[in-house]
Amino acid sequence: MATAEVESLIDDTRAHVGPVIKAMSMNTLSTDNFDPKKHIDFTPPAKTLTMSDLKLPEGTGVSPFAVSDPFQLFTQEAVQRMRAEIFSKEVLENCKYSSNLAQCQLRGFAAKYAPFVYDAWKNPETLAIMSNIAGVQLVTEMDFEIAHINISVKSEKQKAEELEAFLDRKLTEDDEGIAGCPWEDDKPIVDWHTDSYPFVCVTMLSDCTNMIGGETALRTGNGDVIKVRGPQMGCAVVLQGRYIEHQALRALGSTERVTMVTSFRPKCHTFRDDTVLTTVRPVSNLSELYSQFCEYRLEILEERIRNKLKAMRDAERSGRKMSTKALKAFLHDQELFLAHMNKEMIDDEFVIKGSIDNSHLFSDFGESNRARVE
């Protein structure tokens with residue numbers, strides 16, 4: 001996307017978001033710190049799908065879990081507090097990004113500008129909820145990836161025009177007895193992608209009362225596409241997004257669609273870490289991203305080496321023979337671990353801002369033969 005287009009998009013977003021912020025300011029919001037007893041309103045998801053349900057190969061992902069139904073997570077007061085921080089002047093001016101996958105994103109703001117949002121995702125009770133749903137003990141991936149925001153906004157006029165076009169098209173198809181390519185699939189909010197991180201939690205921060213569409217489409221192992229119902233305000237969906245191709249579908253009936261995406265990884269160092277930076281590298285402060293990526297990966301390596309050293313010492317003290325084969329296998333795995341880190345950190349001058357290629361996708365479905373969303 002050209003610089004002029006990005007600047008125009010930012011101006012358009014600011015113009016549409018402005019009234020939202022003004023309307024919010026009329027309400028008196030508390031300034032209390034995040035309190036799980038006050039700000040979490042958790043209702044477990046009605047059901048979850050497994051990787052097997054999505055017809056993905058055995059061993060895909062780091063747990064059998066694939067995706068949850070939408071579930072209530074935060075109270076309405078918590079959502080309003082989050083929105084107030086997200087749409088602050090500091091965040092909008094310093095943390096906005098755009099790419100060929102998503103036109104307006106806010107990233108890397110939580111630790112510096114949004115203490116309520118940051119504490120909400122770092123809280124042990126929130127982490128316990130995420131872990132119980134995923135079937136793996138999780139921690140936030142890194143601070144930079146707490147509360148990534150996707151924003152789609154439109155004017156009342158645009159909303160009315162879209163609804164009218166949708167109804168006209170539906171009437172035409174009903175009259176002619178045909179069903180064309182669904183409108184949501186024409187211009188998704190976020191195009192087909194896999195996430196850079198193992199698990200994500202997508203939380204809805206907009207009022208979806210009159211919203212049509214807005215689901216998350218998932219591509220199955222045989223190329224079919226299924227849709228997961230979009231969450232209501234304060235509700236969330238957990239997805240093992242590193243291993244499942246998905247897209248956010250457009251929504252009608254609302255002037256905004258604001259979603260918060262927080263990324264997670266397994267806490268235990270024995271789990272493999274398939275994190276890549278493909279979809280986030282071009283929309284990040286590289287100094288922060290690389291530093292935090294290396295920090296947690298080196299901590300994993302440190303813990304692995306410490307545990308291996310202890311095992312070797314214990315074996316020597318008990319008179320057991322050291323297994324050269326096992327040690328070499330361990331060293332080989334850590335070489336691959338370090339090589340992966342090195343590969344993901346592309347030199348700054350070779351990173352094209354806002355340009356994300358298709359190397360993150362697992363399938364070979366192109367635009368021309370993309371599975372349709374029914």
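In this predicted model, the charged end of arginine 297 sits over the ring of phenylalanine 337, at 3.7 Å from the ring centre. A similar description applies to arginine 219, whose charged end lies over the ring of tryptophan 192, 4.2 Å from its centre.

Ring-to-ring contacts come to 6 aromatic pairs. Two of them are tabulated here.

| Pair | Centre to centre | Angle between planes | Class |
|---|---|---|---|
| Phenylalanine 42 and phenylalanine 71 | 5.7 Å | 85° | edge-to-face |
| Tryptophan 121 and phenylalanine 264 | 6.1 Å | 65° | edge-to-face |

Phenylalanine 42 is in the loop between helix H2 (36-39) and strand E1 (48-50), and phenylalanine 71 is in strand E3 (residues 71-72), so this pair ties together parts 29 residues apart in sequence. Phenylalanine 71 is buried, at 2% relative accessible area, whereas phenylalanine 42 is partly exposed, at 31% relative accessibility.

Tryptophan 121 belongs to helix H6 (residues 115-122) and phenylalanine 264 to strand E16, 143 residues apart. Both residues are buried. They also belong to one aromatic cluster with Phe34, Phe74 and Phe116.

The structure contains 2 cavities of 30 Å³ or more. The largest encloses about 510 Å³. Its lining has 36 residues, and the closest to the cavity centre are Asn150, His193, Asp195, His246 and Val261. Strand E16 gives the largest share of this lining, 4 residues. By type, the lining of the largest cavity divides into 16 nonpolar, 14 polar and 6 charged residues.

The second largest cavity has a volume of about 40 Å³. Among the residues lining the second largest cavity are Arg265, Pro266, Cys268 and Ile300. That lining divides into 4 nonpolar, 1 polar and 3 charged residues.

Technical notes. Residues are numbered from 1 along each chain as its sequence is written. This is a predicted model: local features need pLDDT of at least 70, side-chain atom pairs count only at pLDDT 80 or more; totals for chains, interfaces and linings use all residues. Side-chain values use heavy atoms; hydrogens and water are left out. On a 1 Å grid over the protein atoms alone, a cavity is a set of points where a 1.4 Å probe fits but cannot get out, and a pocket is an open set with protein on both sides within 12 Å along at least five of seven lines; lining residues have an atom within 4 Å of a point. Grid points are joined across faces, edges and corners, and a volume is the space filled by probe spheres set on the points. Helices (H or I, at least four residues) and strands (E, at least two) are DSSP runs, numbered from the N terminus. Ala, Val, Leu, Ile, Met, Phe, Trp, Tyr, Cys and Pro count as nonpolar, Asp, Glu, Lys and Arg as charged, and the others, Gly among them, as polar. Rings of Phe, Tyr and Trp (its six-membered ring) pair if their centres lie within 6.5 Å; planes under 30 degrees apart count as stacked, over 60 as edge-to-face and the rest as tilted. Buried means under 20% relative accessible area, exposed over 50%, partly exposed in between (1.4 Å probe, protein chains only). A charge sits over a ring if NZ of Lys or CZ of Arg is within 6 Å of the ring centre and within 35 degrees of the ring normal.
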